[in-house]
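Student: I am new to this structure. Could you pick a single part, look at it closely, and then show me what surrounds it?

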Amino acid sequence: MMETVYDWISLLVFSGLVVLFLQRSTADEQVDTIWHYAPPSIGCAVCNWLGNNGHDVFAVAVLVASLAYIFLVLKPVLPTR
């Protein structure tokens with residue numbers, strides 16, 4: 001069940017990863033592989049587990065590390081107009 005803020009945040013970040021992966025998997029030129037998405041995906045699960053078990057500081061640290069990985073390694077590009 002979705003009861004804590006960690007459940008929702010983990011789901012939100014993981015959903016963004018799925019969308020990024022699907023977007024990039026349909027591109028003509030492959031930028032990354034599925035293995036590049038494993039660390040932040042695992043980070044979402046660990047963040048959720050830590051947060052649900054009362055380890056808030058560690059959960060936030062793992063979440064920040066996962067987000068840093070996403071922006072520094074996967075480099076999602078926001079569309080510009």
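Tutor: Start with one term: two residues are in contact when heavy atoms lie within 4.5 Å. One caution too: this is a predicted model.

Our part is cysteine 47. Leaving aside neighbours within four places in sequence, cysteine 47 is in contact with Tyr6, Ser10, Ala59, Val62 and Leu63. Which elements do we need to place them? The protein chain has three helices and zero strands. Along the sequence, the pattern reads α-α-α. Helix α1 covers residues 5–25. Helices α2 and α3 cover 38–52 and 56–74.

Begin with α2. This helix has 15 residues. From first C-alpha to last, α2 reaches 21 Å, close to the 21 Å expected at 1.5 Å a residue. Which residues of α2 are buried? They are Pro40, Gly43, Cys44, Cys47, Leu50 and Gly51. These residues cover an arc of only 140° around the axis, so they sit on the same side of α2. There is a general reason to expect such spacing. An α-helix has 3.6 residues a turn, so residues three or four places apart point the same way. On the other side of α2, Ile42 and Trp49 are exposed. The buried residues of α2, cysteine 47 among them, pack against α1 and α3.

One residue of α2 falls between those two classes. Valine 46 also belongs to helix α2. Its relative accessibility is 34%, so valine 46 counts as partly exposed. Its C-alpha is 9.2 Å from that of serine 10, although 36 residues separate the two in sequence.

Now cross to α1. Its 21 residues should span 30 Å at 1.5 Å a residue, and the end C-alpha atoms are indeed 30 Å apart. The buried residues here are Tyr6, Asp7, Ser10, Val13, Leu17, Leu20 and Arg24. Seen down the axis, they fall within an arc of 165°, so they line one face of α1. The face turned away from that buried side carries the exposed residues Leu12, Val19 and Gln23. What do the buried residues of α1 pack against? Their partners are α2 and α3.

Serine 10 deserves a stop, since it is one of the contacts of cysteine 47. Serine 10 lies in α1. At 7% relative accessibility, serine 10 counts as buried, because the cut-off is under 20%. Beyond four places in sequence, serine 10 is in contact with Cys44, Cys47 and Asn48.

How do α1 and α2 lie against each other? Two packed helices are described by the angle between their axes and the distance between the axes. For α1 and α2, the angle is about 175° and the axes are 9 Å apart. That makes the two helices roughly antiparallel. From α1, the contact uses Tyr6, Asp7, Ser10, Val13, Phe14 and Leu17. From α2, the contact uses Pro40, Ser41, Cys44, Cys47, Asn48, Gly51 and Asn52. Cysteine 47 is therefore part of this helix pair.

Turn next to α3. Serine 66 has its place in this helix. Its relative accessibility is 5%, so serine 66 counts as buried. Residues up to four places away aside, serine 66 touches Pro40, Gly43 and Cys44.

Now bring the pieces together. The largest nonpolar core has twelve residues: Tyr6, Val13, Leu17, Leu20, Tyr37, Cys44, Cys47, Leu50, Ala59, Leu63, Ile70 and Leu74. The elements giving two or more residues to this core are α1, α2 and α3. Cysteine 47 is one of its members.

Two spots outside the helices have a positive phi. Just after α2, glycine 54 takes a phi of about 85°. In the segment after α3 sits lysine 75. Phi of lysine 75 is near 50°, a positive value in a residue other than glycine. With a relative accessible area of 52%, lysine 75 is exposed.

Finally, step back to the whole chain. Its C-alpha trace spans about 45 × 25 × 20 Å along the principal axes. Of its 81 residues, 25% count as buried. Among contacts with a separation of 6 or more, 61% join residues 24 or more positions apart.

Conventions:
Residues numbered from 1 in each chain as written. Predicted model: local features only at pLDDT ≥ 70, side-chain atom pairs only at ≥ 80, totals over all residues. Heavy atoms only, no water. Helix = DSSP H or I, 4+ residues; strand = E, 2+ residues; numbered from the N terminus. Expected span 1.5 Å × (residues − 1). Buried < 20%, exposed > 50% of the residue type's maximum accessible area, 1.4 Å probe, protein only. Arc of directions from axis to C-beta. Core = buried A, V, L, I, M, F, W, Y, C linked by side-chain atoms within 4.5 Å. Axes fitted to C-alpha atoms, helices over the stretch in contact; angles between N-to-C directions. Parallel < 35°, antiparallel > 145°, perpendicular 65-115°, else oblique.
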